[in-house]
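Me: I would like to talk through a model with you, asking how each label is earned. Could you set the values against the cut-offs for me?

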Amino acid sequence: MLYSRLLLVVYILTFLMGVPTNILAFCTFCGKVRRKAVPIDVLLLSLTISDLIFLAFLPFKMKEAYDDMAWMLPYNLCPFTGFLFYVTIYNSTLLLTAISVERYLGVAFPIRYSLCRRPRYAMMASLIFWVVTCLNLSIVYIIPYAQWNEGADGDDTNSTPPATCYLNFTEDELNILVRVRLELFIVLFCVPFLICCFCYVNFILIMSRLPNISRRRRLRAIGLALGTLIVFTVCFGPYNASHVVGFIRQESESWRNVALLSSTLNSCLDPIIFYFSSAAVRSKLNQCFKIKYNEKQLDKDGHLTLINHLLT
């Protein structure tokens, strides 16, 4: 009961904090993309859409937690809810990685990157990320239906659906799941995390060496890098660590759902990334709180101007 109530409280707080901030970001990025689309805005808009889809299905997980992890809703909603729940979480890791790559290229190779900086490439990357995550997480959709059909005795129409949703597994199902989860850990967590670390460490080093960059802009760049890495380690680390432990012990760890709580908070922490990544979001947020937003005129040196333009 305590475990279920903990899940419910975190889900409710995530929903209440995540919905308004992501709607604000969605409206801001939609307006900016309509006016003049740039890759970073397309990626941030995709991340916002992913978070909003996650939040839209979070009430179903609230209901599950309220019912002590029993699935009392129509069972058809179980595979679909679980599938989108996990797909959007892992889609965030790929989009955050793409944002780190875009930032790094903008400061490391400003002239060369500006020549091939096209919004359509960001759109293509976002679509590829959705395809990759959907294919990798398809097992979350398949197993609940397989469990339902196993109890049908050849007659699906009279079958009794399982009492829980994607919680209890047979030995054969676990043999498949632990291998798929290890693959998720390597492909959708480790590789993106290493890329993020490389990009943001070099991003900070380059920014610290550039002359005539304002202290405010330098601190924003560091905040962007640290914020993203914190999201990776704090939000995605514990749950993905359960994949490795589960593979070693060949079982589904009982603490997996508690570890998943940190991943749930990702939709609340993403707006921090939005704030540091987009001047449009900072301006919009300041307007909402009636704070005057003025940025000092930047140095007109060609190289620095180009870098600052790519960072906006």
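Reply: Happy to; what follows is a set of questions on a predicted model, taken topic by topic.

Me: Let's begin with the overall fold. How many helices and strands are there in the protein?

Reply: The protein has 12 helices and zero strands. Reading along the sequence therefore gives α-α-α-α-α-α-α-α-α-α-α-α, where a helix is a DSSP run of H or I with at least four residues. Of the 312 residues, 49% are buried.

Me: What makes the contact of Asp41 and Lys32 a salt bridge?

Reply: The cut-off is a side-chain nitrogen of Lys or Arg within 4 Å of a carboxyl oxygen of Asp or Glu. For Asp41 and Lys32 the N to O distance is 3.3 Å, so the pair counts as a salt bridge. Both of these residues are buried. The structure holds six salt bridges.

Me: Why is the link between Glu102 and Arg117 given the name salt bridge, and what does the pair tie together?

Reply: The closest N and O atoms of Glu102 and Arg117 are 3.1 Å apart, which is within 4 Å, so the name applies. Glu102 sits in helix 3 (residues 77–108), while Arg117 sits in the loop between helix 4 (110–115) and helix 5 (119–136), so the salt bridge ties together parts that are 15 residues apart in sequence. Glu102 and Arg117 are both buried.

Me: How do you know that Glu253 counts as buried, and which residues are in a network with Glu253?

Reply: Glu253 has 6% relative accessibility, and buried means under 20%, so the label fits. A salt bridge joins Glu253 to Arg249 at 3.3 Å, N to O. Arg249, Glu251 and Glu253 are linked in a network of salt bridges.

Me: Now for helix packing. Is helix 2 roughly parallel or roughly antiparallel to helix 3?

Reply: Helix 2 (residues 39–66) packs against helix 3 at an angle of about 155°, with the axes 9 Å apart. Angles over 145 degrees count as roughly antiparallel, so that is the term for helix 2 and helix 3. Their crossing is left-handed. The residues of this contact divide into 19 nonpolar, six polar and four charged.

Me: What angle do helix 3 and helix 6 make, and what is that arrangement called?

Reply: Helix 3 and helix 6 (residues 138–150) pack at about 160°, and their axes are 8 Å apart. With the cut-off at 145 degrees, helix 3 is therefore roughly antiparallel to helix 6. The crossing of helix 3 and helix 6 is right-handed.

Me: Is Thr133 buried or exposed, and where does Thr133 lie?

Reply: Thr133 lies in helix 5. At 0% relative accessibility, Thr133 is under the 20% cut-off and so counts as buried. Thr133 and Leu94 are 39 residues apart in sequence, yet 8.9 Å apart in space, C-alpha to C-alpha.

Me: Where does UniProt place the feature "transmembrane region", and what is the helix content over residues 121–143?

Reply: The unreviewed UniProt entry places that feature at residues 6–30, 42–60, 80–101, 121–143, 184–207 and 219–239. In the model, residues 121–143 are 96% helix and 0% strand, with end C-alpha atoms 34 Å apart. Residues 219–239 are 100% helix and 0% strand, with 30 Å between the end C-alpha atoms.

Key:
Residues are numbered from 1 along each chain as its sequence is written. This is a predicted model: local features need pLDDT of at least 70, side-chain atom pairs count only at pLDDT 80 or more; totals for chains, interfaces and linings use all residues. Side-chain values use heavy atoms; hydrogens and water are left out. Buried means under 20% relative accessible area, exposed over 50%, partly exposed in between (1.4 Å probe, protein chains only). Helices (H or I, at least four residues) and strands (E, at least two) are DSSP runs, numbered from the N terminus. UniProt positions are given in the numbering used here, feature names are shortened, and annotations may be inferred rather than shown by experiment. Axes are lines fitted to C-alpha atoms, for helices over the stretch in contact, and angles run from 0 to 180 degrees between N-to-C directions. Angles under 35 degrees count as roughly parallel, over 145 as roughly antiparallel, 65 to 115 as roughly perpendicular and the rest as oblique. A crossing is left-handed if the near helix is turned anticlockwise from the far one by less than a right angle, and right-handed if clockwise. Ala, Val, Leu, Ile, Met, Phe, Trp, Tyr, Cys and Pro count as nonpolar, Asp, Glu, Lys and Arg as charged, and the others, Gly among them, as polar.
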